[in-house]
Structure formats: structure tokens, C-alpha cells
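Below are some notes for a colleague at the bench, set out point by point. Please read them with the sequence and the model side by side.

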Amino acid sequence: MKQTAWAVERDADSGREVLLLVTLEAEAETPRAPVAVNLVIDRSASMRGAPLAAAVEAARALVERAGPRDYVGLLTFDADAEQVLPVRAMEPGAKAAFLKTLSRLESGEGTALHEAVERGAEAVRRVLVPGARPQLLMLTDGEPSVGPTALGEFKVLGTRVTDSGVALHALGLGRHYLPEILEALTGPSGTGFTHVDDAEGLPLAVGALGAELFGEVVSDARVYVLPTGFADLRCRHRYPSRVEGDAMSAALGAVSHAFARRVLFAGVLEKGEWNLSVTASYTENNDTRRISIPVTRLLPDSEEGRFVRAVSAELELVACEAAAWKALSKRQQEAAERALEGADKGLYKLARLGSAEVPAQRHVDRLADLRRAVERRAAQPSALGVRRAQSEVSRITMSRIGPAVPVALPAGANGGPALPAGKGAAAGLLPWKTGEES
């Protein structure tokens with residue numbers, strides 16, 4: 001494991017502020033842990049045809065990836081949830097039977113989402129695989145229509161599943177599922193959920209989740225921060241966090257080869273002199289380890305300092321974006337416009353910082369959708385836009401972001417050349433405003 005703790009002191013509206021970014025990253029040569037996962041696939045009527053076929057192909061790719069040390073099960077649900085295949089070792093015979101069963105899946109009627117999560121978690125929890133963390137990977141495109149449907153019941157279920165030791169991953173397909181429910185289920189696990197527009201994008205999304213599942217190195221990672229000279233300290237990411245004596249801790253979950261885990265803390269200074277003591281704990285090969293992480297103080301305009309500030313700016317951006325969609329859903333036009341303005345400022349700030357690891361370009365298309373919805377004063381906001389935004393908020397605020405691929409920002413309005421990644425400027429952000437608005 002590689003661990004870093006970078007601190008940047010800067011001016012803020014409330015006074016002098018310190019941003020602390022702690023990163024836990026798996027070493028490339030570290031062997032992965034075995035996998036124990038129950039695949040939970042929605043086969044309700046809305047999955048008929050291309051969506052179910054894509055789900056089957058994505059599940060096949062996951063099974064093919066599994067080795068004999070890995071345990072995989074299959075639960076499908078419509079109006080009823082059925083554990084079609086038990087969670088078992090992927091020996092050649094079991095793998096062949098699994099693939100054959102997948103090829104025979106057919107759609108039904110109804111969506112018993114609550115029961116599916118409950119039964120799926122129970123099934124994987126009953127199998128002890130030394131060194132493996134029990135996990136649930138759920139794919140759904142529908143709203144719950146059978147059994148409990150209230151958001152509060154799913155919040156309770158998500159907490160109960162996590163407390164039982166099972167990590168829950170979710171993938172929402174299309175425009176029918178309820179993002180609030182997926183967030184309630186995955187939030188306690190610190191995983192977040194992923195959105196896919198259509199069946200064509202499903203294999204890629206499941207492949208990314210597979211890289212996370214089949215690349216896990218440590219589990220139960222937690223970061224502890226003991227501040228001195230601060231008036232307050234808060235965790236900016238939405239990991240489960242708590243105060244423990246004079247320290248604050250945040251539960252980051254698992255760390256895999258595919259995804260580094262980052263957590264950002266922010267605190268207002270009470271005194272000129274300050275200090276931060278950082279430690280991390282995690283489970284590796286059934287052993288719990290606790291290490292001290294030295295804190296490096298950075299200049300705000302250094303490359304690393306701009307990266308820390310970019311992580312903060314991105315969190316502000318997605319928070320404003322989510323607030324705008326929420327205001328639109330309540331038909332609060334002025335609040336939506338204010339939130340959109342905050343998101344625009346966040347995007348501009350992100351591009352000006354020019355951090356290649358936190359590219360502004362990945363937010364441009366979604367904010368263009370949001371701007372169209374706000375300026376047209378639509379009676380109902382785009383369901384697809386809402387789900388995209390809430391998935392992005394969930395993914396970023398749980399910091400499940402892998403290494404960013406450098407993306408060139410488009411050319412400015414003056415016809416100049418495209419700006420390379422890491423060299424963002426205001427001119428490169430014009431595409432987030434549509435032609436009809438210019």
C-alpha cells in the first residue's frame with residue numbers, strides 16, 4: 001500500500017483554511033484478495049430484450065474473469081427473488097454450469113428490489129472464504145414495485161447489510177430506477193452507484209466494477225485525523241465518518257488495483273500554528289494493520305497543491321449540480337439557477353487549476369444538460385439527466401475514481417487550438433454552454 005497525506009493552507013470565506021487530502025493506493029505487484037460476490041440481476045419486464053441480453057453478457061465476462069479461488073453466485077429477481085445458483089468456487093465445472101444458466105435467463109414481471117438485496121446479502125454472508133470480503137453486485141433498471149418501496153426502508157436495509165459485513169455495489173440502467181434508493185443502499189458501504197444510459201454501455205460499466213472487485217487488495221480501510229490548532233474539522237467526502245475522542249475518522253471501505261481511495265478533510269484554523277496527525281488502518285490477508293502517514297505541507301500553486309484544490313473544487317461542483325436538479329424537481333426555479341451558477345463557477349475553477357488527474361472536461365456534457373433544463377424551465381426535469389448527475393455525485397463523493405486519462409479541452413470560441421489536459425483555461429470551457437445560449 002502507498003499512502004500520502006497532502007495539506008494545503010489557503011484563504012477561505014471563513015478565514016484561513018487547511019485542505020488535507022489522504023490517498024490510499026494499492027501497489028501494482030501486491031496480489032489481490034479472492035472474491036466472494038453474489039450477482040443480483042433484475043429480470044423484470046422492462047429488462048426484456050436488449051437490456052437483459054447485455055446484462056447476461058456482462059455477467060458472463062465477470063464469471064470468465066473469476067479463478068478457482070473466487071466464489072460467485074447468481075440471484076435473479078422480478079416479482080420474486082430467487083437464488084438461482086449458490087455462491088461457490090469457480091472451478092471449471094461450476095463455471096460452465098454458471099454460464100449455461102445465464103444463457104437461459106428470461107424476463108418476468110414486477111420488481112422486488114428490497115427482497116433481492118436482503119436475500120442476496122444473506123446468501124453471500126453464509127459463505128466463508130478466507131481473505132475475501134462478502135460482496136453484492138446488483139444491476140437494476142426499475143423502481144421497486146413489489147414489497148417495501150419507501151426510501152426510509154432502503155436506508156435501513158443499506159445500513160443493515162453493511163453492518164453485517166457485506167459491501168454492496170449497484171449499477172442503475174436507463175431512466176426508470178430511483179437514484180435515491182441506490183444511494184441509500186450503497187452509501188453505508190462507501191461504494192457509490194454507477195449510472196448507464198442504455199444497454200450498449202453496460203459491458204463497459206460492469207467491466208469497471210469487475211476491475212474493482214477482482215483487484216481488491218485490502219478491506220475495511222479507515223483514516224484517522226487528529227488536529228491541533230483548528231476551530232473545526234470536517235470530512236468533505238461522503239464516507240461514513242465519526243468523531244472519536246479528539247480525532248475524526250472516515251471509513252473508506254476497500255482499496256483495489258483499479259481504484260485509489262481518496263478522502264478530503266477541511267478545517268478552519270484557530271491559531272497560526274497548526275498540526276495534523278494522520279493514521280490509517282486496513283485489513284490485509286486477514287491481518288489488521290495500522291500505520292502512521294506523514295503529512296506533507298504543499299504550496300497552493302504547486303502541482304500537488306493544485307491537485308488537492310481541484311479535488312475540493314470538483315466536490316463543490318457536483319454538490320451544486322445535485323442541488324440544481326433537486327430544485328428543478330421541486331419547481332424552485334430561482335434556487336436551480338443559483339445552484340447552476342455555483343456549478344458553472346466550480347467548473348471554471350476546476351479548469352483554471354488544470355489538474356490532469358481531475359479533468360474538468362468530464363463534467364461538461366452533464367452541465368450542458370442541466371443548463372438546458374434550467375433555461376427551458378421544463379415542467380419536469382430530464383429523468384436521464386437527474387440519474388446521470390446523482391450517479392456522478394455518488395461516485396465522486398465516494399472517491400471511486402481511477403487514474404484519469406488525459407483529455408484535451410476543446411478549442412476556444414476564438415478558433416484557437418484545443419488546450420491540452422492540465423492546461424485548462426476559461427476559453428476551453430465554452431462547450432459547456434450550448435449554441436442556442438451563445
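1. Contact, as the word is used in this note, means heavy atoms within 4.5 Å. The model is predicted, and every value here is computed from it. With that meaning in hand, and leaving aside its neighbours within four places in sequence, serine 394 is in contact with Gly192 and Phe193.

2. Where does serine 394 lie? Its place is in helix 10, which covers residues 383-397, in a protein that has 10 helices and 16 strands.

3. Is serine 394 buried or exposed? Its relative accessibility is 3%, and because buried means under 20% relative accessible area, serine 394 counts as buried. For the protein as a whole, 55% of the 438 residues count as buried.

4. Turning to contacts across the protein, if one takes those between residues at least 6 apart in sequence, 75% of them join residues at least 24 apart.

5. The accessible surface of the protein comes to about 18700 Å², and carbon and sulfur atoms account for 50% of that surface.

6. How many disulfides are there, when a disulfide is taken as a pair of cysteine sulfur atoms within 2.5 Å? The count comes to zero by this rule.

7. Two cysteines may be set on either side of the 20% cut-off for burial. Cysteine 235, at 16% relative accessibility, counts as buried, whereas cysteine 320, at 23%, counts as partly exposed.

Note on methods. Residues numbered from 1 in each chain as written. Predicted model: local features only at pLDDT ≥ 70, side-chain atom pairs only at ≥ 80, totals over all residues. Heavy atoms only, no water. Helix = DSSP H or I, 4+ residues; strand = E, 2+ residues; numbered from the N terminus. Buried < 20%, exposed > 50% of the residue type's maximum accessible area, 1.4 Å probe, protein only. Areas by Shrake-Rupley, 256 points an atom, 1.4 Å probe, with all protein chains shown as cover. Disulfide = S-S within 2.5 Å.
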